[in-house]
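Trainee: Could you take me through one part of this model in detail, strand by strand and ring by ring? I would like to see how the pieces connect.

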Amino acid sequence: ITEKLRNEAVNDLMMIHFKSDVFLAHDDILLPHWSELSDAIQLRGEGDPLSFCLFDVQVNRSVQDMLSQSLVLKCDQVGLHRNRFDPQDGTNFAFEAIQNNPQLNVFSFENTIESEESADRL
């Protein structure tokens with residue numbers, strides 16, 4: 001899908017829902033693929049909103065850093081479901097996506113929240 005996004009072969013693409021059949025643990029070997037996905041999303045045309053959902057993935061800080069700019073710039077709907085984050089990173093990632101994205105219409109977060117303070121931030 002990243003190649004099609006990068007080559008503008010799927011301008012009518014309205015959503016990316018990444019759902020693994022089994023839980024996808026973090027592996028540094030996948031970092032170039034996350035980076036390519038993020039770059040491809042950012043290259044989408046202006047005014048083409050995108051729904052992005054991520055299910056059952058371990059999202060470490062480096063992946064969050066790559067995706068955050070894309071989610072803020074290009075996505076009007078963001079869903080994070082049953083993912084694993086390092087402590088505090090999940091709520092920080094969610095908070096930044098909500099706070100920094102004026103075009104965000106829908107945000108869903110179904111992950112473990114570390115504390116009551118983290119839940120209050122959301």
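Mentor: Happy to. In this predicted model, let us start with the pairing of strand E1 (residues 15–24) and strand E2: the two run in the parallel sense and share 6 bridges. Within E2, Val57 is the residue that stands opposite Leu24. The connection between these strands passes through helix H2 (residues 31–42), and E1, H2 and E2 together make a right-handed β-α-β unit.

Now follow the chain onward from E2. Strand E3 (residues 75–81) also pairs with E2 in the parallel sense, over 6 bridges. Here Phe52 has Val78 of E3 opposite it. Helix H3 (residues 61–74) takes part in this step: E2, H3 and E3 form a right-handed β-α-β unit.

E2 has a further partner in strand E4 (residues 84–85), which runs parallel to E2 and is joined to it by 2 bridges. Gln58 is bridged to Arg84 in E4.

With those neighbours in mind, look at how E2 itself is placed. Of the 10 residues in E2 (residues 50–59), 9 are buried, so the strand is largely enclosed by the rest of the structure.

Next come the rings. There are 4 aromatic pairs in the structure. One of them joins Phe18 and Trp34 edge-to-face, with 5.7 Å centre to centre and 65° between the planes. Because Phe18 belongs to strand E1 and Trp34 to helix H2, this pair ties together parts that are 16 residues apart in sequence. The two partners can be placed by their relative accessible area: Phe18 is partly exposed at 32%, while Trp34 is buried at 8%.

Another pair, Phe107 and Phe109, is stacked, at 6.4 Å centre to centre and 15° between the planes. Phe107 is partly exposed, with a relative accessible area of 23%, and Phe109 is buried at 18%; the cut-off for buried is under 20%. Both rings belong to one aromatic cluster that is made up of Phe85, Phe93, Phe107 and Phe109.

Finally, two charged side chains are worth a look in your viewer. Lys19 has its charged end over the ring of Phe55, 5.5 Å from the ring centre. Arg84, which we met as the bridge partner of Gln58, lies over the face of Phe23, at 3.8 Å from the centre of that ring.

Conventions
Residues are numbered from 1 along each chain as its sequence is written. This is a predicted model: local features need pLDDT of at least 70, side-chain atom pairs count only at pLDDT 80 or more; totals for chains, interfaces and linings use all residues. Side-chain values use heavy atoms; hydrogens and water are left out. Buried means under 20% relative accessible area, exposed over 50%, partly exposed in between (1.4 Å probe, protein chains only). Helices (H or I, at least four residues) and strands (E, at least two) are DSSP runs, numbered from the N terminus. Two strands pair if DSSP finds at least two bridges between them. A crossover is right-handed if, with the strands pointing away from the viewer, the path from the first strand over the helix to the second runs clockwise. Rings of Phe, Tyr and Trp (its six-membered ring) pair if their centres lie within 6.5 Å; planes under 30 degrees apart count as stacked, over 60 as edge-to-face and the rest as tilted. A charge sits over a ring if NZ of Lys or CZ of Arg is within 6 Å of the ring centre and within 35 degrees of the ring normal.
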